[in-house]
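This briefing goes through one protein model by topic. Please have the sequence and the coordinates open while reading.

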Amino acid sequence: MPQDPAERRVVVTGPPRRSRPASGYYRPRTEIDEQTTLGHTYVRSLMRTQLRAALAVFAFLGLLIGPLPLLFAAMPDAHRLEWGVLGFGLYVPMVLLARWYVRRAERNERDFVRLVEDR
């Protein structure tokens with residue numbers, strides 16, 4: 001005699017359909033990939049630290065280069081001095097500042113990756 005249809009069991013196999021792993025398992029990288037609010041906060045934090053470094057460089061350049069027109073106006077006949085200061089005197093500080101900025105940006109990114117990959 002065949003079984004009653006209500007008693008028949010169907011077994012379906014396949015990958016689990018959970019969108020997130022079990023509780024207690026936390027992956028910031030997944031949050032960033034899925035573009036959740038928390039992932040957006042992580043990326044915004046990285047962008048904020050990079051912006052802070054860029055603004056520090058810009059402020060230092062403003063303080064370094066900003067007073068030069070006043071200095072040059074105070075010395076009206078010093079054209080060679082002006083070109084010397086602009087051509088050679090600013091080169092070394094700008095290269096050092098650029099190196100500092102690149103190192104700072106790379107360190108910020110390394111810290112961000114360490115934050116995302118750990119745990």
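The points below cover confidence, fold, surface patches and charge pairing.

The model is predicted. The protein chain has 119 residues and is built from five helices, with zero strands. A search of the whole structure finds one salt bridge, and the surface carries a patch of positive charge as well as a nonpolar patch of about 390 Å².

**Confidence**
- The mean pLDDT of the protein chain is 83, and 86% of the residues reach 70 or more.
- Helix 1, residues 28-33, has the lowest confidence, with a mean of 76.
- Helix 5 has the highest confidence, at 93.

**Fold and burial**
- Read from the N terminus, the elements follow the order α-α-α-α-α.
- Helix 2 spans residues 37-65, and helix 5 spans residues 91-117.
- Of the residues in the protein chain, 16% count as buried.

**Positive patch**
- Six arginines gather in this surface patch: Arg44, Arg48, Arg52, Arg104, Arg107 and Arg110.
- Helix 2 and helix 5 each supply at least two residues of the positive patch.
- Arg48 is one of the patch residues and lies in helix 2.
- Arg48 counts as partly exposed because its relative accessibility is 42%, which falls between the 20% limit for buried and the 50% limit for exposed.

**Nonpolar patch**
- Tyr91, Val92, Val95 and Leu96 make a nonpolar patch of about 390 Å² on the surface.
- Leu96, one of these four residues, is found in helix 5.

**Salt bridge**
- Side chains of opposite charge can pair when their charged atoms come close.
- Which side chains meet in a salt bridge here? Those of Arg114 and Asp111 do, with an N to O distance of 3.2 Å, which is within the 4 Å cut-off.
- Arg114 and Asp111 both lie in helix 5, where they are three residues apart, about one turn of the helix.
- Are the two partners buried, exposed or in between? Arg114 has a relative accessible area of 45% and is therefore partly exposed.
- Asp111, at 35% relative accessibility, is also partly exposed.
- Arg114 has over 30% relative accessible area, but patches are made of residues with no salt bridge, so Arg114 is not eligible for the positive patch.

**Helix 5 in summary**
- Helix 5 has the highest confidence, supplies at least two residues of the positive patch, holds Leu96 of the nonpolar patch and contains both Arg114 and Asp111.

Note on methods: Residues are numbered from 1 along each chain as its sequence is written. This is a predicted model: local features need pLDDT of at least 70, side-chain atom pairs count only at pLDDT 80 or more; totals for chains, interfaces and linings use all residues. Side-chain values use heavy atoms; hydrogens and water are left out. Patches are made of residues with over 30% relative accessible area and no salt bridge: like charges are joined within 9 Å, nonpolar side chains (Val, Leu, Ile, Met, Phe, Trp, Tyr) within 5 Å. Accessible areas come from the Shrake-Rupley method with a 1.4 Å probe; for residues, only the protein chains shown count as cover. Helices (H or I, at least four residues) and strands (E, at least two) are DSSP runs, numbered from the N terminus. Lys and Arg count as positive and Asp and Glu as negative; His and the chain ends are not counted. The place of a charge is taken as NZ of Lys, CZ of Arg, CG of Asp or CD of Glu. Buried means under 20% relative accessible area, exposed over 50%, partly exposed in between (1.4 Å probe, protein chains only). pLDDT is the predictor's confidence in each residue, from 0 to 100.
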